Amino acid sequence: MKSYNQKNFHKYTFCLWQEIPFTEIQSLFINHKSKSGSQYIFTTKGVYRISNHWGRAANCRWRLQPLENYKNQQIKVGFAHWTDFYPNNEIENLFFIQVNFNTNEVTFNHKAAPAYNKTCTLRNAAQTSKTIKLIKQILTETTWAKHLNYNNIDTLRREIINKLLTTKSSFFDIKKQFTI
């Protein structure tokens, strides 16, 4: 596995950054400022990023794990260990989707991350984005279930989403299993 450092962490990587309070970096020196205004502090263990934009950053996919509800354009500080960076590209099946049915939160993660349990289907970036959009629709709408046979919409949602997460079956093919 490739290792990352201050010279290569910003080239085609995926990373989940942990938000930290500004007070944690008050006495540290800014090592680099990007063209987009993000600031970086490098340490032997990892990197701090001070930025108002997260998600797609140039050729990277960097998501902030917020301390509280995050709104884009708010300046936040994130920290990532050098071991938290994984290779990223648009073609390979690198990503898996995670769903929290209690909060209806849908996220994605990298196959090299410790959270990967090898039961979820891996997808490329475009497929992951498309499937996340579909899952969010299943979680929040009911029109897709109009002609299906079910007793409980929440149970149906969970069954269909779990099949989307663990198989390569299309939504259409999965719905056919529940047709009246």
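Modeller: Two strands count as paired if DSSP finds at least two bridges between them. The model discussed here is predicted.

Biologist: How many bridges join β1 to strand β8?
Modeller: Strand β8 covers residues 86-87, and threonine 13 stands opposite proline 87 in β8. The two strands run antiparallel. At least two bridges are required for a pair, and the count between β1 and β8 is two.

Biologist: In which sense do β1 and strand β6 pair, parallel or antiparallel?
Modeller: Strand β6 spans residues 60-65 and shares five bridges with β1. One of the facing positions is phenylalanine 14, whose bridge partner in β6 is arginine 61. The sense of the pairing between β1 and β6 is parallel.

Biologist: Which residue in β7 stands opposite glutamine 18?
Modeller: Strand β7 (residues 76-81) pairs with β1 in the antiparallel sense, over three bridges. Within this pairing, the residue of β7 opposite glutamine 18 is phenylalanine 79.

Biologist: How many residues of strand β1 are buried?
Modeller: Strand β1 runs over residues 13-20, eight residues in total. A residue is buried when its relative accessible area is under 20%. Cysteine 15 is buried because its value is 0%. For strand β1, which is mostly covered, the number of buried residues is seven.

Biologist: How far away is the nearest cysteine sulfur from that of cysteine 15?
Modeller: The structure holds zero disulfides. Cysteine 15 is accordingly in no disulfide, and the nearest cysteine sulfur belongs to cysteine 60. A disulfide would require the two sulfur atoms to be within 2.5 Å, whereas the distance here is 9.2 Å.

Biologist: Is cysteine 120 buried or exposed?
Modeller: The relative accessible area of cysteine 120 is 13%. The cut-off for burial is under 20%. Because cysteine 120 has a value of 13%, its class is buried.

Biologist: How many residues apart are glutamate 19 and lysine 76?
Modeller: The side chains of these two residues meet in a salt bridge, at 3.5 Å from N to O. The pair links distant parts of the chain, with glutamate 19 in strand β1 and lysine 76 in strand β7. Both residues are buried. Their separation in sequence is 57 residues.

Biologist: Is glutamate 90 buried or partly exposed?
Modeller: The side chain of glutamate 90 meets that of arginine 61 in a salt bridge of 3.1 Å, N to O. Arginine 61 lies in strand β6 and glutamate 90 in the loop between β8 and β9, so the salt bridge ties together parts that are 29 residues apart in sequence. Arginine 61 is buried at 14% relative accessible area. Glutamate 90 has 41% relative accessibility and is therefore partly exposed.

Biologist: Which residues are linked in a network of salt bridges?
Modeller: The structure holds five salt bridges. Among them is the contact between arginine 61 and glutamate 90. The residues linked in a network are Arg56, Arg61 and Glu90.

Biologist: In which helix do lysine 176 and aspartate 173 both lie?
Modeller: Lysine 176 and aspartate 173 form a salt bridge in which the closest N and O atoms are 3.6 Å apart. Aspartate 173 is partly exposed, with 36% relative accessibility. The two residues are three residues apart, about one turn of the helix, and that helix is α3 (residues 171-176).

Biologist: Which elements give two or more residues to the lining of the largest pocket?
Modeller: The largest pocket holds about 550 Å³ of space. Its lining consists of 25 residues, of which Arg63, Val106, Thr107, Phe108 and Ile132 lie nearest its centre. The elements that give two or more residues to this lining are β1, β5 (55-57), β6, β9 (95-100), β10 (105-110) and α1 (125-140).

Biologist: How many charged residues has the lining of the largest pocket?
Modeller: The lining contains 13 nonpolar and seven polar residues. The number of charged residues is five.

Biologist: How far apart in space are glutamate 159 and threonine 23?
Modeller: Glutamate 159 sits in helix α2 (residues 153-166) and is partly exposed, with a relative accessible area of 36%. The C-alpha atoms of the protein chain fill a box of roughly 65 × 30 × 25 Å along the principal axes. Glutamate 159 and threonine 23 are 136 residues apart in sequence, and their C-alpha to C-alpha distance is 44 Å.

Biologist: What share of the protein chain counts as buried?
Modeller: The chain contains three helices and ten strands, in the order β-β-β-β-β-β-β-β-β-β-α-α-α from the N terminus on. Of its 180 residues, the share that counts as buried is 42%.

Note on methods. Residues are numbered from 1 along each chain as its sequence is written. This is a predicted model: local features need pLDDT of at least 70, side-chain atom pairs count only at pLDDT 80 or more; totals for chains, interfaces and linings use all residues. Side-chain values use heavy atoms; hydrogens and water are left out. Buried means under 20% relative accessible area, exposed over 50%, partly exposed in between (1.4 Å probe, protein chains only). Helices (H or I, at least four residues) and strands (E, at least two) are DSSP runs, numbered from the N terminus. On a 1 Å grid over the protein atoms alone, a cavity is a set of points where a 1.4 Å probe fits but cannot get out, and a pocket is an open set with protein on both sides within 12 Å along at least five of seven lines; lining residues have an atom within 4 Å of a point. Grid points are joined across faces, edges and corners, and a volume is the space filled by probe spheres set on the points. Ala, Val, Leu, Ile, Met, Phe, Trp, Tyr, Cys and Pro count as nonpolar, Asp, Glu, Lys and Arg as charged, and the others, Gly among them, as polar. A salt bridge is a side-chain nitrogen of Lys or Arg within 4 Å of a carboxyl oxygen of Asp or Glu.
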